[in-house]
Amino acid sequence: MKVLGLGLVLVWALLTSIQIETWASNRTLWTHAARTSPRLARPAINLAASFAEDPQAAALWLHIAITRLPTSPRQAESAVAIRGQLRLLTAFGSPACLHPDVRPYC
Amino acid sequence: MALTGLLYARTLGYAFVYEDLNDPASMFGRPIDTWPGWNRLLTSASLTLSRLISDVQPWGWHLVSVAAHLVNGALLWCLIGGRWAAVLALGLFLLHPLQVESVAYVSSRPDLLLGTCLLCGLLAVERGRWGLLALAAGAAVLAKESGIVAIPLCVLWAWWRDRVTTVRLAWAGVIFGPIVTVIALRFVDVLALDPAYTSTEVTKAVSLGARVLVPVGLTIDHDWGWITPAVAAFCWLMVAVWGCYALIELRSRFALVFAWCAIALAPRLVTPLLEGLHEHHLYVPLLGLALGVGASHTPERTLWESV
């Protein structure tokens, strides 16, 4: 029992050590997400990160998100996230806000 | 504890990620209309503390998160007994990879603080300090809206540990019932009992719960496309079996963990949100599991003996 317990704790510690690396930066996070959930679009909603990588794709995604954003409570969290990111982009004078597709929302 | 501190010390050099940058008000002191105000007063205070420590440099924000996790570990240690059971329970709570999202991700701070308040409440129950319990339960709601579960969880703990008589439990229901109801009604605009949503979330919860045993596939963006009606039915069956066993062995550790997880996850199941369950939502359920593993032995009685 002692050996099993200690063994489990050590295995958890090792896996935690690996998992912690995932959260080091947006780059490691998105890389991890793209590897583990390639079909999903959630990484794209981080505009601050995605604009640095591909401004055109990020602007297109934002346009789709804003124009099709439902008002149901289920979408509320996403709406808050997008609004928060737009404020951040505006507050820091991000070049993203100069993009013609994004400017109307900034 | 030392190993946990050592492992998470690396996060002090990490950047803000993802939703950490969503809320300029909390990070940089700029006013926005979505600022939660007194809803998360305790969380706001802790974010202010982080800002006082390192301003907009992430290390101070990570430092507070890691410290909160370690404090929670210390509080948990006060509640459990037995040398090896304590090692296993603390290892599960502090070092399990499911907890990484809660600790390494600054935006999960409310879950850490909810854990702190809840543990304080449990310690208050242990020592019969009912005033302190009310204070801790109130603080839990100010850490996160779902902190409303602190009251029923503390009552559950008090009952499981034989810390209260039936009469006192009834009084607790009379006093705290209306409080819980009033707080719950504040969320009435987002409460929506959607059976399909709840069914999916229960399936996700079982799936994430399975990762406690096999911690693989942890990600910020779960692909739940594999949830078919058949899979959901199987997960419900598992929950039903566990629930029935909990009813039969009412005072067992299995029953404690089942009831704990059901109460802790209830707000997520009735509040339809786009993103559903994630690892950081398991912080409080994992605390219950750790308590189930490491809590001092309580004489086990069946439902029939209790009746």
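**View 1. B:Trp260 and the residues around it.** Leaving aside neighbours within four places in sequence, B:Trp260 is in contact with B:Leu118, B:Leu122, B:Leu153, B:Leu156, B:Val284, B:Pro285, B:Leu287, B:Gly288 and B:Leu291. Please keep in mind, here and in the views that follow, that this is a predicted model. B:Trp260 also belongs to the largest nonpolar core, where B:Trp260 is listed with B:Leu76, B:Trp157 and B:Leu291 as having the most contacts inside that core. B:Leu291 therefore deserves a second look, as a contact of B:Trp260 and as another residue on that list, in a core that by definition joins buried residues through side-chain atoms within 4.5 Å.

**View 2. The largest nonpolar core.** Step back from B:Trp260 and the whole core comes into the frame, with 76 residues. Which helix gives the most to this core? Helix 7 of chain B, residues 109-127, does so with 9 residues. As background, nonpolar side chains tend to be buried together in soluble globular proteins.

**View 3. The second largest pocket, lined from both chains.** About 1,200 Å³ of space lies in this pocket. Its lining has 32 residues, and those closest to the pocket centre are B:Gly209, B:Trp242, B:Val257, B:Cys261 and B:Leu289. Chain A takes part through helix 1 (2-22), which supplies at least two lining residues. From chain B, at least two residues each come from helix 5 (83-95), helix 11 (195-213), helix 12 (229-248), helix 13 (253-270) and helix 14 (283-294). Helix 13 of chain B gives the most, with 8 residues. By residue type, the lining divides into 29 nonpolar, 2 polar and 1 charged.

**View 4. The largest cavity.** Rolling a probe the size of a water molecule over the atoms shows where empty space is left. The structure holds 2 cavities of 30 Å³ or more, and the largest has a volume of about 120 Å³. Of its 13 lining residues, the closest to the centre are B:Asp111, B:Leu114, B:Ser146, B:Ala264 and B:His281. Helix 7, helix 13 and helix 14 of chain B are the elements that give two or more residues to this lining. What residue types make up the lining of the largest cavity? It divides into 7 nonpolar, 3 polar and 3 charged residues.

**View 5. The second largest cavity, with residues of both chains around it.** Here the space comes to about 60 Å³. From chain A, the lining takes in A:Gln19, A:Thr22, A:Trp23 and A:His32. From chain B come B:Pro97, B:Leu98, B:Val100, B:Glu101, B:Leu218, B:Thr219, B:Ile220 and B:Glu279. Two or more lining residues are given by helix 1 of chain A and by helix 6 (100-104) of chain B. The lining divides into 6 nonpolar, 4 polar and 2 charged residues.

**View 6. B:Tyr197 in helix 11.** B:Tyr197 has its place in helix 11 of chain B. Is B:Tyr197 buried or exposed? With a relative accessible area of 5%, B:Tyr197 counts as buried, because the cut-off is under 20%. B:Thr43 is 154 residues from B:Tyr197 in sequence, and their C-alpha atoms are 28 Å apart in space.

**View 7. Chain A on its own.** Chain A contains 5 helices and 0 strands, in the pattern α-α-α-α-α along the sequence. Of its 106 residues, 41% are buried. The accessible surface of chain A is about 5,800 Å², and 66% of that belongs to carbon and sulfur atoms. Among chain A contacts between residues at least 6 apart in sequence, 34% join residues at least 24 apart.

Methods. Residues are numbered from 1 along each chain as its sequence is written. Chains are lettered from A and ligands numbered from 1 in the order in which they are written. This is a predicted model: local features need pLDDT of at least 70, side-chain atom pairs count only at pLDDT 80 or more; totals for chains, interfaces and linings use all residues. Side-chain values use heavy atoms; hydrogens and water are left out. On a 1 Å grid over the protein atoms alone, a cavity is a set of points where a 1.4 Å probe fits but cannot get out, and a pocket is an open set with protein on both sides within 12 Å along at least five of seven lines; lining residues have an atom within 4 Å of a point. Grid points are joined across faces, edges and corners, and a volume is the space filled by probe spheres set on the points. Helices (H or I, at least four residues) and strands (E, at least two) are DSSP runs, numbered from the N terminus. Ala, Val, Leu, Ile, Met, Phe, Trp, Tyr, Cys and Pro count as nonpolar, Asp, Glu, Lys and Arg as charged, and the others, Gly among them, as polar. Buried means under 20% relative accessible area, exposed over 50%, partly exposed in between (1.4 Å probe, protein chains only). Contact means heavy atoms within 4.5 Å. Accessible areas come from the Shrake-Rupley method with a 1.4 Å probe; for residues, only the protein chains shown count as cover.
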